[in-house]
Amino acid sequence: MARPNDEVEALLQEYADLIAITGGDAFKARAYEKAARAIGGHPADISHLDAGQLRDIPNVGRSIAEKVIEYLRTGTVTAVEERRAKIPAGVRELITIPTLGPKRAMRLYEDLHISSVSELTAAIEADALHDLKGFGEKTQENILHGITLMQQSGDRIPLHLAMDAAEGIVAELSRVSGCRRCTYAGSLRRMRETIGDIDVLVAAKRSAPFMEALGALPSTAEVIAHGEKKTSIRTTKGVQVDLRVLPPESWGAGLQYFTGSKAHNIRTRTIAVRQGLKLSEYGLFEVDGGASVASRTEEEVYARLGLPWIPPTLREDRGEIQAALRGELPDVVTEHGIRGDLHTHTDLTDGLAPLEEMVAAAAERGYAYYAVTDHAPNLYMQRMTDEKILAQRERLRELDGRHHGMRLLHGTELNIGPDGDVDWPEDFLDGFDICVAALHSHFDLDRGTMTRRLVRACENPHVHIIGHPTTRLIGKRPGVDADWDEVFAACARTGTALEINAQPDRLDLCDEDILRAKEHGTKFAVDTDAHSVLHLAHLRYGVATAQRGWLTPEDIINTWPLRRLRGFLRKTGGSGHR
Ligand code: DGT
Ligand code: CA
Ligand code: CA
């Protein structure tokens, strides 16, 4: 279930957008944006806080605290409703186009009376925008791309939102008496980056109590279909949930069937048929006579087909069945295998928590090492200076080893400039233990220039990890255009790791890019890019993405012991191969 903090974050962010669109004070809009982020990242549940405690959260002042209280009490905020009312519904639809932005949406409405996505598409196709300032050819292309992205993502929801909802529902149904097993299956169990609907399974003798319990949850807005085997509901957030109740003896077969993917299941069913068996959600049966030969656990079902158990993240028909038959299934990385996070922020730049809190939270996760990598000076809005980063280094050295011997690495997130150069002179960069380098601007360079830019960053002996390599934002911003095979080859050649950024709206690199990069022999780092204590837990999404890219601990530098990691960070060439 979504936390009240997340709801308030979304509301305040919307308010900030509304202020910006209606030509309000930019400073005020920015203040609401900051407060939104602070509340979203606040570790404690805000619904238990009074006005005074709310104001203790950074960037939350009196008037914001009042709005939060009003929302928690009534479910709405008058000021937000008033702003909403000023904007025609069609324009609000335009605002949801990821690459357009609120200000441009308002201009389209005021200057050309465009008030829907289809009108905008038609206007671009009829070249009706060419006289409008700020709508050059490249911008128009981007807008069309944004519309496509929006339509493709359709009703699919981001992985972490589906996970929050599913975990809440599973916890509720597990409490219903008679529940033998309960879990989520489908694309969520396979940890796809977006989820169409949530599939929940229960093992129990009687199904009715579970179907009723699901329909009665406060988060359930509507029961779409109610049956004995399957009930479908829509949550108040608009997510569809399918609940199926299985007889306990069919648990393994049902879990295997409803985990999918469909393509994976076609393969397993074909193997069954060749052995004179039939595989369904109820079990594996002999075709002759119909005797059940396996159904209680997934392991049993796979074993009877002559296969080892296959991790759900691999079940996409990308060769996992063939690999399993050959006994060559990768021993994929697990969350437990990650020894430290190598890309994180503090409130010295745009993080929310001070150094001490981030370090303490990292130690609580049991890490052996942890890198702090705040933004470098060329990202001007972060106002980094030599003095600030050196002072941070001193504080960090004092904390080093204080938490169960966890070792701290002092790092930075460098900006890859348009030509591939980075912040700070070489001798200053020598002082860091680790440098992540990432693109933060100039996303529109042509492919050749972008490729050279990234390759140059790899060739820099101070750059250890390329952070969120494509810079895509899922459903919002496409990745940059580059000859990725060339970039991946450069990473392998120079001993530069590619990041698997675990922020759920990034997951960058994505699974398919990881598979391709691995072909080149590249190493990877699974990092959260945490901007708050809570973000450290997003690691699971990065690990799942790494699994979907078939990565083993050997491929991932932050599963290695510190000594081996330090060898890699020396970047003396070939160190990635040990
Ligand atoms: P999604 O919901 O679009 O993100 O993707 P999935 O994989 O969760 O797909 P979904 O919800 O339609 O079905 C859940 C699983 O049920 C799917 O992965 C495989 C299994 N399944 C196998 N055969 C069938 C079938 O004929 N119909 C349906 N609905 N599911 C099937
Ligand atoms: Ca599904
Ligand atoms: Ca489904």
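## Calcium site

In this predicted model, the calcium ion (ligand 3) is held by aspartate oxygens. Asp197 (OD) is listed twice among the donors, alongside Asp199 (OD) and Asp242 (OD). The distances run from 2.4 to 2.6 Å. Along the chain, the donors follow the spacing D-x1-D-x42-D. A second calcium ion (ligand 2) lies 3.7 Å from the calcium ion (ligand 3), and aspartate 197 coordinates both.

The site joins distant parts of the chain. Aspartate 197 sits in the loop between strand S3 (194-195) and strand S4 (198-203). Aspartate 242 belongs to strand S7 (residues 240-246), and the two aspartates are 45 residues apart. Their exposure can be set side by side. Aspartate 242 counts as buried, because its relative accessibility is 3% and the cut-off for buried is under 20%. Aspartate 197 has a relative accessible area of 22%, so it is partly exposed.

## Ligand 1 pocket

Ligand 1 has 15 residues around it. Arg156, Ser187, Arg190, Gly196 and Asp197 come nearest. Asp197 also coordinates the calcium ion (ligand 3) and the calcium ion (ligand 2).

Polar contacts involve both side chains and backbone. A polar side-chain atom of serine 187 is 2.5 Å from an oxygen atom of ligand 1. Glycine 196 places a polar backbone atom 2.8 Å from an oxygen atom of the ligand. Tyrosine 257 brings a polar side-chain atom to 3.2 Å from a nitrogen atom of ligand 1. On its own, ligand 1 has 580 Å² of accessible area, and the protein covers 72% of that. Helix H11 (186-189), helix H13 (251-259) and helix H14 (262-274) are the elements that each give two or more residues to the shell. H13 makes the largest contribution, with 3 residues.

## Aromatic pairs

The whole structure holds 7 aromatic pairs. One of them joins tryptophan 424 and phenylalanine 428. The ring centres are 4.9 Å apart and the planes meet at 35 degrees, so this pair is tilted. Both residues are buried.

Tryptophan 424 also pairs with phenylalanine 432. Here the centres are 5.4 Å apart, with 35 degrees between the planes, and the pair is again tilted. Phenylalanine 432 is buried, as is tryptophan 424. Trp424, Phe428 and Phe432 form one aromatic cluster.

## Arginines over rings

Arginine 564 puts its charged end over the ring of tryptophan 560, 3.6 Å from the ring centre. Arginine 104 lies over the face of phenylalanine 135, at 5.9 Å from the centre of that ring.

Technical notes. Residues are numbered from 1 along each chain as its sequence is written. Chains are lettered from A and ligands numbered from 1 in the order in which they are written. This is a predicted model: local features need pLDDT of at least 70, side-chain atom pairs count only at pLDDT 80 or more; totals for chains, interfaces and linings use all residues. Side-chain values use heavy atoms; hydrogens and water are left out. Donors are N, O and S atoms within 2.8 Å of the metal (3.2 Å for Na, K and Ca); water is not among the atoms, so sites may look incomplete. Helices (H or I, at least four residues) and strands (E, at least two) are DSSP runs, numbered from the N terminus. Buried means under 20% relative accessible area, exposed over 50%, partly exposed in between (1.4 Å probe, protein chains only). Rings of Phe, Tyr and Trp (its six-membered ring) pair if their centres lie within 6.5 Å; planes under 30 degrees apart count as stacked, over 60 as edge-to-face and the rest as tilted. A charge sits over a ring if NZ of Lys or CZ of Arg is within 6 Å of the ring centre and within 35 degrees of the ring normal. A residue is near a molecule or strand if one of its heavy atoms lies within 4 Å of it. A polar contact is a pair of N or O atoms within 3.5 Å; within protein, one must be able to donate a hydrogen and the other to accept it, and residues adjacent in sequence count only if both atoms are side-chain atoms. Accessible areas come from the Shrake-Rupley method with a 1.4 Å probe; for residues, only the protein chains shown count as cover.
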